[in-house]
Amino acid sequence: MGINVIDKIYVNGEFVTPHGTEMFDLFNPAIGQVIGQVQLADEVDTQAAVAAAKAALPAWSATTREERIDALRRMRDAVTVRRDELLEAVRLEYGAPVRNEWMVDSAIGAFEDMITTLETFEFTRQVGNTTVEMAPVGVAGLISPWNADAFFIADKIATALAGGNTVVMKPSEMSATQTRVMTEALHDAGLPAGVFNIVTGRGDVVGSTITRHPDVPKISFTGSTSVGKSIFRDSADLVKNLTLELGGKSPSIILDDADMSTAMFGALASGFVNSSQACVAGTRILVPVSRYEEALTAAVEQLADFPVGDPADPATVIGPMVSQKQWERVQGYIARGVEEGARLLAGGPGKPEGLPDGYFVRPTLFADVTNDMTIAREEIFGPVLSIIAYTDEENAVEIANDTDYGLHGYVFSADQERAKRIASRIEAGRVSINGGQEGVSTLPFGGFKQSGIGREYGVAGLEGFLETRSVLV
Ligand code: NAD
């Protein structure tokens, strides 16, 4: 296959060659080879994109609910047409296992969900004689990471536009192929020029130009907690309206009444989701000390159901890490776990047998982990799970909440009411009981503590792109 060069950004309804000249290599992480290059935008390009979004704002913010729904339908249909192309892009550029079709279907679903939300959303509410109005914030700056970028592009743009805002989107520079396919699709939907602009470039160039820009009052960022903090600081001078979706170190609590093999399967599934390159990954598995040995045996047995390998193989559950840098980072954590006295139950350093070329990690389980160890505190973003023993329910909740993060939690129990009581004590924006997923794409999503600010999806997500104005008489 020849090298694919992506040398266009999308500004004011047109594909244009960036002013920026830096070229960035795109890798296929399953083979560790360059498969393309993207020409990165710079400050000049970002300024042009912001100006286009600003010019398009008066007309777009005046559109009716029906006009916005119609636009979202056209966007959904246009992305649906590109489904196969997107599936290939996420496999080749990100290493997503082919079975993870949700990576693309969730992008299509994001438009569908926002159409449903918009159909019944109340933009004005009457409180006595007062009218409470929900108004667009203005030009929205949207910044996303590489681990599910087709979805982030779809979800953030759909929600911002539904609220009557216009958009400058900066996807991850590592997701340029999916970005190209998404942009071409969204262009085909035929929205007015400037309503959405998509500019691929570096975070510290395009990203920070957006976050500091006086004409961009709203920032919606998904990414690491460290970059989230710098965006918080950059936005402070202009007191921007911020949504931050950041990292996680989510606990999976297996209660002492749970069927151990079913619960452990659920815990591993939440830990290895999206090859563990997921903010919601349940990376700390909390098991009762009374059933500790049984839990370890179940974990090793169930690990066989999570094979690592070629993303093109339908049997593969865990694909490669996105880059050499991520691979090295994960290796660093495995070494740190061993140094700090955790016991390797499965996996370990190096590459899995038969996979010498790509950025593959051996799915790794650590036992005898204590919650103060680095592997239990920091987000690893790779298939390295920590098993931690707890004494009783109180202790389980204490360990679960003893973290800087608060994005997600998982509880496994034979007794749903008991599990709900525990769930209500976990400091996290979402808690799933026995693998429950109902409403996953429309219910509020976001974090407590350093996992972020604000909520995305559905009504809560849309409210994040609106300012409230009370008109009193
Ligand atoms: P990252 O924070 O390095 O980058 C995210 C985006 O921010 C990229 O587009 C990057 O170019 C940009 N960026 C970098 N520096 C910037 C700056 N100074 N100003 C503005 N933008 C800047 O994250 P990543 O490595 O791409 O993704 C992995 C991280 O994302 C993990 O920590 C993960 O937990 C987090 N994440 C969170 C969620 C969530 O919803 N909470 C979802 C997925 C991923």
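**Close-up views of a predicted model**

**View 1. Ser 144 meets the ligand through its backbone.** A backbone N or O atom of Ser 144 sits 2.7 Å from an oxygen atom of the ligand. Please keep in mind, as you look around, that this model is predicted. Gly 223 takes part through its backbone too: one of its backbone N or O atoms is 3.4 Å from an oxygen atom of the ligand. Glu 379 uses its side chain instead, with a polar atom lying 2.6 Å from an oxygen atom of the ligand. On its own the ligand would expose 850 Å², and the protein buries 88% of that area.

**View 2. Here is the shell of residues around the ligand.** In total, 28 residues surround the ligand. Those that come nearest are Ser 144, Ser 224, Leu 246, Cys 279 and Glu 379. Sorted by class, the shell holds 13 nonpolar residues, 11 polar ones and four charged ones.

**View 3. Two domains share the ligand.** Where does the ligand lie relative to domain 1 and domain 2? Domain 1 covers 4–246 + 450–465, while domain 2 covers 251–441. Both of them give residues to the shell around the ligand, so the ligand lies between them.

**View 4. One annotated span takes in residues 16–471.** An unreviewed UniProt entry lists these residues as "domain: Aldehyde dehydrogenase". If you follow the span from one end to the other, the C-alpha atoms of its end residues turn out to lie 43 Å apart. Helix makes up 40% of the span and strand makes up 20%.

**View 5. Asn 434 has a positive phi in a loop.** This residue is not a glycine, yet its phi is positive, near 50°. To find Asn 434, look in the loop that runs between strand S19 (430–433) and strand S20 (452–453). Is Asn 434 buried, partly exposed or exposed? With a relative accessible area of 40%, Asn 434 is partly exposed, because the partly exposed class lies between 20% and 50%.

**View 6. Tyr 457 also has a positive phi.** For Tyr 457, another residue other than glycine, phi is near 75°. Tyr 457 belongs to the loop between S20 and helix H15 (458–463). Is Tyr 457 buried or exposed? Its relative accessible area is 11%, and since buried means under 20%, Tyr 457 counts as buried.

Definitions and conventions: Residues numbered from 1 in each chain as written. Predicted model: local features only at pLDDT ≥ 70, side-chain atom pairs only at ≥ 80, totals over all residues. Heavy atoms only, no water. Near = heavy atom within 4 Å. Polar contact = N/O pair within 3.5 Å; in protein donor to acceptor, adjacent residues only side chain to side chain. Areas by Shrake-Rupley, 256 points an atom, 1.4 Å probe, with all protein chains shown as cover. Nonpolar A, V, L, I, M, F, W, Y, C, P; charged D, E, K, R; others polar. Domains from an automatic or database assignment. UniProt positions renumbered as here; feature names shortened; annotations may be inferred. Helix = DSSP H or I, 4+ residues; strand = E, 2+ residues; numbered from the N terminus. Buried < 20%, exposed > 50% of the residue type's maximum accessible area, 1.4 Å probe, protein only.
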